[in-house]
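The following exercises concern a predicted model. Each task is followed by a worked solution.

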Amino acid sequence: MTRVLAVSSVFPPHLHPQAEITAALARFLPPGSDTALLRRVHASVRVQSRHLALPLDRYGPSNDFGTTNALFLQAALELGGRALALALAEAGMAAAEIDLVMSTTVTGLATPSLEARLAARAGLRPDVRRVPLFGLGCAAGAAGVGHLHDHLTGRPGHAALLLSTELCSLTLQSTDASMANLVAGALFGDGAGALVAVGEEHPLHATGAGPSVVAARSRLYPGTEHLLGWDIGHWGMRMVLGRELPELVRLHVAEEVEDFLAAHDLKPSDVDTWICHPGGPKILDALGEALALPASAFAASHRSLAAVGNLSSASVLHILGGVQSAGPPPPGSVGLMLAFGPGFASELVLLRW
């Protein structure tokens, strides 16, 4: 089975309490907007602090899409390079030993893609296989782990790296008073993460303290495409966020989780470690209730959400890193990584320590 050797998370230097961000965004809203609603939304999402790609006073209505995307490229390359180097150092590997690099982002556009721009400076081989992902959104961290597992199952002597770089703050429409934009402005933070994994015939497979990947599953839910994604135009990326999502998670994603676990002779109560994307407190609460889980099941997700906000695809890497740094679960423990994204879609990864 695929073995995770290392996982890293890095953040921009601009860390602000939620109250400071709330006050700044309230100043940007058009005259007559309900700033009390903005403050209620910000207070309800259980986020205490977030890292931002820019100093707080650099945000506002004056940044057009081109300017913002140029800022994305600059910051994403710096953050992504740090995350990649940190994960490799933790794994005890040189960049030239990586056979596949998969990179994901949904908060900026880059052609050549981020991993191509980083390859030479990071020391990746010119013949490294590259798989850039865009459009999977928050689900891409879990999906990336599943895709790495697919590659390493077919090439068990290989080493692979997943890089997630998300600068969510640069997509914010500061003058948009819609509920979707208010929620996005309350939830999302900036950061990058990287994960190094090897196949079962790789020399370092037996040395890692990280989990093994047992299986992965992707699922699209037809007729839900309109509920989550971007509305992209000259203004940039405007959040599409349906209020039906928590109920969709309750009704359908919970059933998908139960079915996936049953295929491996497991039940939700058998999962020792939940690495669930913190899409927001309503999402976590709905899923926990539907699966009849104890309040402590998503504690790692709630801690990540409070400390750094929703990092889109990088969140599950941040949560997994927190689990590992707290002391890996006992041998034989079962873990489930799950995330949700545009499509509407879910991604599930079964782990075992």
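**Exercise 1.** Determine where Ser 312 is found and whether Ser 312 is buried or exposed.

*Solution.* Step 1: Ser 312 is found in the loop between α9 and α10, the latter covering residues 315–325. Step 2: phi of Ser 312 is positive, about 55°, although the residue is not a glycine. Step 3: the relative accessible area of Ser 312 is 2%. Buried means under 20%, so Ser 312 is buried.

**Exercise 2.** Locate Ala 292, and classify the residue by its accessibility.

*Solution.* Step 1: Ala 292 lies in the loop between α8 (281–290) and α9 (299–308). Step 2: its phi is near 55°, a positive value in a residue other than glycine. Step 3: the relative accessibility of Ala 292 is 67%. The cut-off for exposed is over 50%, and Ala 292 therefore counts as exposed.

**Exercise 3.** State the omega value of the peptide bond from Thr 111 to Pro 112 and of the bond from Gly 343 to Phe 344, and place Pro 112 and Phe 344 in their loops.

*Solution.* Step 1: omega is near 5° for the bond from Thr 111 to Pro 112, which is cis. Step 2: Pro 112 belongs to the loop between β4 (100–104) and α4 (114–122). Step 3: the bond from Gly 343 to Phe 344 is cis, with omega near -20°. Step 4: Phe 344 occupies the loop between β12 (334–341) and β13 (345–352).

**Exercise 4.** Describe how α2 and α6 are arranged, and list the residues through which they meet.

*Solution.* Step 1: the two axes come within 9 Å and cross at roughly 45°. Step 2: an angle of this value falls outside the ranges for roughly parallel (under 35 degrees) and roughly perpendicular (65 to 115), and α2 and α6 are therefore oblique to each other. Step 3: the crossing of α2 past α6 is right-handed. Step 4: α2 contributes Leu 37, Leu 38, Val 41 and His 42, which meet Met 179, Leu 182, Val 183, Gly 185 and Ala 186 of α6. Step 5: by class, this contact has 7 nonpolar, 2 polar and no charged residues.

**Exercise 5.** Identify the buried residues of helix α1 and the elements against which they pack.

*Solution.* Step 1: in α1 (residues 18–28), the buried residues are Gln 18, Ile 21, Thr 22, Ala 24, Leu 25, Ala 26 and Phe 28. Step 2: these buried residues pack against the strands β2 (14–17) and β3 (49–52) and the helices α2 (35–44) and α6 (179–187).

**Exercise 6.** Characterise the surroundings of Val 198.

*Solution.* Step 1: Val 198 is placed in strand β7, residues 190–198. Step 2: with a relative accessible area of 0%, Val 198 is buried. Step 3: beyond neighbours within four places in sequence, the contacts of Val 198 include Met 1, Leu 5, Met 93, Leu 152, His 158 and Leu 204. Step 4: Gln 48 is 150 residues from Val 198 in sequence, and their C-alpha atoms are 36 Å apart.

**Exercise 7.** Give the extent, secondary-structure content and end separation of the two domain spans named in the UniProt record.

*Solution.* Step 1: an unreviewed UniProt entry lists residues 70–196 as "Chalcone/stilbene synthase N-terminal". This span is 43% helix and 20% strand, with end C-alpha atoms 28 Å apart. Step 2: the unreviewed entry lists residues 214–352 as "Chalcone/stilbene synthase C-terminal". Over residues 214–352 the chain is 35% helix and 28% strand, and the end C-alpha atoms lie 7 Å apart.

Notes. Residues numbered from 1 in each chain as written. Predicted model: local features only at pLDDT ≥ 70, side-chain atom pairs only at ≥ 80, totals over all residues. Heavy atoms only, no water. UniProt positions renumbered as here; feature names shortened; annotations may be inferred. Helix = DSSP H or I, 4+ residues; strand = E, 2+ residues; numbered from the N terminus. Buried < 20%, exposed > 50% of the residue type's maximum accessible area, 1.4 Å probe, protein only. Contact = heavy atoms within 4.5 Å. Axes fitted to C-alpha atoms, helices over the stretch in contact; angles between N-to-C directions. Parallel < 35°, antiparallel > 145°, perpendicular 65-115°, else oblique. Left-handed = near helix turned anticlockwise from the far one by under 90°. Nonpolar A, V, L, I, M, F, W, Y, C, P; charged D, E, K, R; others polar.
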